[in-house]
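Student: Hi! I have a protein open on my screen and would like to walk through a few spots in it. Can you help me read it?

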Amino acid sequence: MISKKKTSSSNRWLLEHFKDQYVKEAKKNNIRSRAWFKLQQLDKSYKLFKIGMNVIDLGAAPGSWSQYALDKIGKKGRIIACDILPIKPIKGVDFFQGDFRNKKILNLMLSSLSDTTFHLVMSDMAPNITGHFSIDMPRIIDLSKSALKIANYVLSKNGIFLLKSFQGEGFNELYEEIKILFAKIKICKPKTSRTRSREIFIIATR
């Protein structure tokens, strides 16, 4: 049975969602989701992309980050994307559906890398949220650490790791792990992130 409190919260979220200026802008411009604008703002502030870059996009669905990145890296660049959810095909993006923590999916991805040098690993992943932070936060940190392992494995010198995570228990430990592996780290929150959201973004450079 669904509680009245949860139903009320869902209704408020839907109302806010469809009134959101970035949701409207995305629909107007055939952009897959409002997350596109978060990446755009981060890119404008920190110059994440260059022509010819090779990129891995974790948690890619519905594809807005890949959509943005493809326009920035040009035809000489390459994007490998992965998500447990399907996405509508994007020409120029190699998409793998499944959980990259599954060895079979990971091996498929890694075998496609061949001798490619990757310059950016970006992760917009989040688990299915239960609404209970004591349950959700460990799942978030686990996903973040899994993305970190991939980034550490594939990134070239001066490579960039862009990670969406959330403030809460376990975040400081995650931050310290990233500090060990990367030379420069910045924590930021683009204005497109909803004010009440705990989400923050880490930009780490080799």
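Tutor: Happy to! One thing before we use UniProt: its annotations may be inferred rather than shown by experiment. Also, what you see is a predicted model.

Student: Okay, so where does UniProt place the "binding site" feature?

Tutor: The UniProt entry, which is unreviewed, puts "binding site" at Gly-63, Trp-65, Asp-83, Asp-99 and Asp-124.

Student: Let's take Trp-65. Which helix is it in?

Tutor: Trp-65 belongs to helix H4, which covers residues 64-73.

Student: And is Trp-65 buried or exposed?

Tutor: Trp-65 is buried, because its relative accessible area is 2% and buried means under 20%.

Student: What does Trp-65 touch?

Tutor: Leaving out residues up to four places away in sequence, Trp-65 touches Ala-35, Trp-36, Leu-39, Asp-57, Met-122, Ser-123, Asp-124, Leu-162 and Phe-201. One of those, Asp-124, is also on the UniProt "binding site" list.

Student: Nice. Where is Asp-99?

Tutor: Asp-99 sits in the loop between strand S3 (93-97) and helix H5 (103-113). With a relative accessibility of 25%, Asp-99 counts as partly exposed.

Student: Why not buried, for Asp-99?

Tutor: Because buried means under 20%, and Asp-99 has 25%.

Student: What does the side chain of Asp-99 reach?

Tutor: The side chain of Asp-99 reaches the backbone nitrogen of Arg-101 at 2.9 Å. Not counting residues up to four places away in sequence, Asp-99 also touches Ile-84 and Ile-105.

Student: Switching topic: which residues is Ser-146 in contact with?

Tutor: Setting aside neighbours within four places in sequence, Ser-146 is in contact with Phe-100 and Arg-101. Arg-101 is the residue whose backbone nitrogen the Asp-99 side chain reaches. Ser-146 itself lies in helix H6 (residues 133-154) and is buried at 13% relative accessible area. Its side chain reaches the backbone oxygen of Asp-142 at 3.0 Å.

Student: Last thing, pockets! What volume does the second largest pocket have?

Tutor: The second largest pocket has a volume of about 150 Å³. Its lining is made up of Tyr-46, Ile-160, Lys-184, Ile-185, Lys-186, Ile-203 and Thr-205.

Student: Which elements give two or more residues to the lining of that second largest pocket?

Tutor: Those are strand S6 (184-188) and strand S7 (199-205). S6 provides the largest share of the lining, 3 residues.

Student: And how many residues of each class are in that lining?

Tutor: The lining of the second largest pocket has 4 nonpolar, 1 polar and 2 charged residues.

Definitions and conventions:
Residues are numbered from 1 along each chain as its sequence is written. This is a predicted model: local features need pLDDT of at least 70, side-chain atom pairs count only at pLDDT 80 or more; totals for chains, interfaces and linings use all residues. Side-chain values use heavy atoms; hydrogens and water are left out. Helices (H or I, at least four residues) and strands (E, at least two) are DSSP runs, numbered from the N terminus. Buried means under 20% relative accessible area, exposed over 50%, partly exposed in between (1.4 Å probe, protein chains only). Contact means heavy atoms within 4.5 Å. A polar contact is a pair of N or O atoms within 3.5 Å; within protein, one must be able to donate a hydrogen and the other to accept it, and residues adjacent in sequence count only if both atoms are side-chain atoms. On a 1 Å grid over the protein atoms alone, a cavity is a set of points where a 1.4 Å probe fits but cannot get out, and a pocket is an open set with protein on both sides within 12 Å along at least five of seven lines; lining residues have an atom within 4 Å of a point. Grid points are joined across faces, edges and corners, and a volume is the space filled by probe spheres set on the points. Ala, Val, Leu, Ile, Met, Phe, Trp, Tyr, Cys and Pro count as nonpolar, Asp, Glu, Lys and Arg as charged, and the others, Gly among them, as polar.
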